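Could you load the model in your viewer and keep the selection panel at hand? We will go from stop to stop, with something to select at each one.

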Amino acid sequence: MSRYPLTPHIALREAVRELEPRYSLLWGWRHRVEQWREELRRQLVELLGFPPEPCELGVRELETVDDDTFSRTRIVYDVEYGVSAAAWVCVPHDNETPLPAVVCAHPRGPGKDELVGLVGCTPGADFATTLA
């Protein structure tokens, strides 16, 4: 504990240091993936207050664009009844199937379009195209 009064910034930083990344696969869950999945699902249901209703994915391909080294397909899929989400699927041209998948989660703003280099100017944000 500091002998000086904490500013909100310093107090927040100290509080974050005390948080334990309970669900990171890097923190001991790597060899217990099934247990991690069940614990994460239990915690999600507890936070939501109800279990999510399962639904069919209903994937629809909207467009495919070929780039020099990969193809980029825009898809829409159902996350629950009446709610859909859009995503890009990038697949390298020079590949052997099956390929590992990489999920590129994005923040608010340009979002998924910035990850594939369509919009935005944040250096390095188009890492989905680099990985493909």
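What follows is a short tour of one helix, the loop after it and the strands beyond. Keep in mind that this is a predicted model.

**Stop 1: the helix α3**

Select residues 33–48, which make up α3. How far apart are the end C-alpha atoms of α3? They are 22 Å apart, and this agrees with the 22 Å that its 16 residues should span at 1.5 Å a residue.

**Stop 2: charged pairs along α3**

Now show the side chains of E34 and R37. They meet in a salt bridge, with 2.8 Å from N to O. Both residues belong to helix α3 and sit 3 residues apart, about one turn of the helix. A general point helps here: an α-helix has 3.6 residues a turn, so residues three or four places apart point the same way. R37 itself is partly exposed, as its relative accessible area is 37%.

Next, add R42 and E46. These two also form a salt bridge, and their closest N and O atoms are 2.9 Å apart. Here the spacing within helix α3 is 4 residues, again about one turn of the helix. Is E46 buried or exposed? E46 counts as exposed because its relative accessibility is 53%, where exposed means over 50%. Its partner R42, at 41%, counts as partly exposed.

Keep R42 and E46 on screen and add E39. The three residues E39, R42 and E46 are linked in a network of salt bridges.

**Stop 3: the end of α3 and a nonpolar patch**

Move to G49, just after α3. This residue takes a positive phi of about 90°, so it is a good one to pick out on a Ramachandran plot. Then select L44, L48 and F50 as a surface. Together these form a nonpolar patch on the surface, with about 290 Å² of accessible area. Where does F50 sit? F50 is found in the loop between α3 and β1, the strand that covers residues 60–66. With a relative accessible area of 48%, F50 is partly exposed.

**Stop 4: a link between two strands**

Now select R60 and D78. Their side chains meet in a salt bridge, at 3.3 Å from N to O. R60 lies in strand β1 and D78 in strand β2 (residues 70–80), so the pair ties together parts that are 18 residues apart in sequence. Colour both by accessibility if you like: R60 is partly exposed at 35% relative accessibility, and D78 is also partly exposed, with a relative accessible area of 22%. With this pair in view, it is worth recalling that the structure holds 4 salt bridges.

**Stop 5: the hairpin**

For the last stop, select β2 together with strand β3, residues 83–92. How many bridges pair β2 with β3? They pair over 10 bridges, in the antiparallel sense. To see the register, label S71 and V91: S71 stands opposite V91 in β3. Finally, zoom in on the turn. β2 and β3 form a hairpin with 2 residues between them, and G82 in that turn has a positive phi of about 80°.

How values were computed. Residues are numbered from 1 along each chain as its sequence is written. This is a predicted model: local features need pLDDT of at least 70, side-chain atom pairs count only at pLDDT 80 or more; totals for chains, interfaces and linings use all residues. Side-chain values use heavy atoms; hydrogens and water are left out. Patches are made of residues with over 30% relative accessible area and no salt bridge: like charges are joined within 9 Å, nonpolar side chains (Val, Leu, Ile, Met, Phe, Trp, Tyr) within 5 Å. Accessible areas come from the Shrake-Rupley method with a 1.4 Å probe; for residues, only the protein chains shown count as cover. Buried means under 20% relative accessible area, exposed over 50%, partly exposed in between (1.4 Å probe, protein chains only). The expected span of a helix is 1.5 Å times one less than its number of residues. Two strands pair if DSSP finds at least two bridges between them.
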